[in-house]
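Please walk through the model shown here, taking one strand with its partners and then one side chain with its surroundings.

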Amino acid sequence: MHQVYQKTITLNDGRTITIETGKLAKQADGSVVVTMGNTMILAAVCAAKEAREEVDFMPLSVEYKEKFASAGRFPGGFLKRETRPNDNEILISRLVDRALRPLFPDDYHAEVFVTINLISADNNCPPDALAGLAASAAMSLTTIPFGGPISEVRVARIDGEMMINPSRADLENADLDMIIAGTEDNIMMVEGEMKEVSEAEMLEAIQFGHQEIKKHCRAQIELRNELGITGPREYSHEVNDDDLKKQVEEACYQKVYDIARAQLPKQERNDAWDQLRDEFLATLGEEVEPTVPGMVKRYFHDVMKKATRRLLLDEGIRLDGRKTDEIRPIWCEIDYLPSAHGAAIFTRGETQSLTTVTLGTKLDEKIIDEVLLQGKDRFMLHYNFPPFSTGDARPARGISRREIGHGNLAHRALKAVMPDVETNPYVIRIVSDILESNGSSSMATVCAGTLALMDAGVKIRKPVSGIAMGLVVDESGKYAILSDILGDEDHLGDMDFKVTGTSDGITACQMDIKVDGLSYEILQQALEQARLGRLHILGKITETIAEPRADYKPHVPRIESLRIPKEMIGAVIGTGGKVIQDIQARTNTVITIEEIDGFGYIEVAAPDKEAIDAAMDIINGIIEVPEVDTVYKGRVVSILAFGAFVEILPGKEGLLHISEISWRRLNTVEEELQVGQEVEVKLIEIDEKTGKYRLSRKALLEKPEGYVEPTESRGPRGPREGGRDNRGGGDRRGGNGRNDRGPRRNFDRH
């Protein structure tokens, strides 16, 4: 019989989170089930006993997977089973990975696999806020050397109040939405989106979330103690030589320092360091142990890190010679690609983005079919990071998790300023291709995206810019905050903090901290320095284009939208789509229609305005309600013995009785009318019971001089003497009034 252990965490609003172990997945090194409401997450951790040869990094793999059965749903597609991770699963995996990875010892290189499965789903408790807690709790129940526990929580501000892990419905009203990860003592990771909040408000949210995280960490420690798990396992994943390490530092430190101080371009600096390392290896001779080159590479990296950090902290000199708060030179250009709907180049130092905007119709919407989220997305942003952007000679193999994560950050940054559907009827796709990269290409994407949107004529509310901040701290507490960090400053520093926003506030952020004990005072200073840098970059953007173009470019397809009563949707579509297909064929347009909130929403897209106007005229005719005494220019669609049917509006026909065609007496309708002929008619009556329309052409013609109303009564049915139909007077309401034996038809087609 298995023994089950549980630990309950009570949130500040009384809801609870339960951590359970001992029931599921017991052969893993550590496994837990985390439950909140009806949301249940199973996390399992397994680690290899030994590291693979030549591995000098932490091979951590985090896989988050949502099971469709958890919500009682079938997966879409032909296979009807879960396949490759979708973007949402990748983003949640990254959130967990970024919080765990800094907490493993530098010399621990065994493969660690963290598998997180959503096994029961509840929209009132979104699982992304629980995945980090589940992974950490499972890790804490192993002997893997790990500097946790950690936890992740969502902090949202809703109607001015901070909430922990709110429901998805509550999030619709949030103006701040952040996932925060941390240990009991420190914040490790922050990512979120906001609606132009201040730096002080963002800092308040981080502090609020950290108070909750501390409770989660203490619960994990208590659970670990109850299970009697002690100390990390012994491991030896590196071969070290203290004498060689000292030799590398003595021979290379000053030369590395001098290269860093020389303010060389990125490639030249890296080439100089590589050459220095190779020269040192050559001094060791050819007869060296196989492990020596790997050790030299590791020790040389440590020397690089130490030298560049001391140069910055002792002399205030960055690798490219800038001051700590100085932004690299920026140049921008719009309308670079003549065939794109919108295009921009944004170059900051050695980082460059070529970004395009494409405007599409409703048919271009992204369809979302996830376990807990279904719907459509009208705004997409895709980020591409080809190897040549960093000078790497390797092939591009699909989209990486990093590309998905960076694209999501830029998407969040710009989403806050996108116009509503009424202002912008287009589906929008932004594509950022990074052509050069030396620090913060995701922030370049935000800036280039702003430029390209304005170049396309999309009426964004305000321009958005982004900046990446860095931090270097030594053992004594001496620190330097760096604006617009280089790639090497990110790699060798202690923090990567990206902030985006308008002139009025923050729209998105992403922070990864690699050092313990970062104070809120330092974080506050970094946020203020980021604000000033962001405003500087905004100034460069608005020098290029200050506001969106007044109109779209000539080659952009035109779209107009229309809201109609719900009951008219069927009339516009027609039986089997016949009506809407006919309109599209006749006007060369693309028409979409859907029901939203009790109304029909129609979008008409076409290459030019004339086509849209033609389609709109037809649609307006379909939805127009005919009124008595109104004159219509109609088309004769059929002729019968007793009159003609005239289409006065698209899909709406009325009867023009033979007696209402002319003031003179007609023997046949064909004496005056032919099928296809256009004719002006007046709607003289709508039958209250049947809704049928009765028309008159005669009412629009001048009465002949001396005209005398006929006095004979026309019989209700039967032929006149001589074998001709009686077409005399009589009651003609709702049709001919004679119950003719000829064909009858329902002529109200709406």
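How many of the residues of strand β12 (residues 342-348) are buried? In this predicted model, β12 is mostly covered, since seven of its seven residues are buried. The covering applies to both faces of the strand, with G342, A344, F346 and R348 buried on one side, and A343, I345 and T347 buried on the other.

The pairing of β12 can be followed first towards strand β11 (residues 330-334), with which β12 pairs in the antiparallel sense over five bridges. Within this pairing, E333 stands opposite I345 of β12, a residue that also belongs to the buried set on one of the two faces.

Turning next to strand β13 (residues 351-360), β12 again has an antiparallel partner, here over seven bridges, and F346 of β12 has S353 of β13 as its bridge partner. The two strands β12 and β13 form a hairpin with two residues between them, and in that turn G349 has a positive phi of about 65°.

A second place to look is helix α1 (residues 87-100), in which R98 is found. Is R98 buried or exposed? R98 counts as buried because its relative accessible area is 13%, which lies under the 20% limit used for that term. The side chain of R98 makes a polar contact with the side chain of E191, at 2.5 Å. Apart from neighbours within four places in sequence, R98 is in contact with M189, V190 and E191, and also with Q510, M511 and D512.

Conventions
Residues are numbered from 1 along each chain as its sequence is written. This is a predicted model: local features need pLDDT of at least 70, side-chain atom pairs count only at pLDDT 80 or more; totals for chains, interfaces and linings use all residues. Side-chain values use heavy atoms; hydrogens and water are left out. Helices (H or I, at least four residues) and strands (E, at least two) are DSSP runs, numbered from the N terminus. Buried means under 20% relative accessible area, exposed over 50%, partly exposed in between (1.4 Å probe, protein chains only). A polar contact is a pair of N or O atoms within 3.5 Å; within protein, one must be able to donate a hydrogen and the other to accept it, and residues adjacent in sequence count only if both atoms are side-chain atoms. Contact means heavy atoms within 4.5 Å. Two strands pair if DSSP finds at least two bridges between them.
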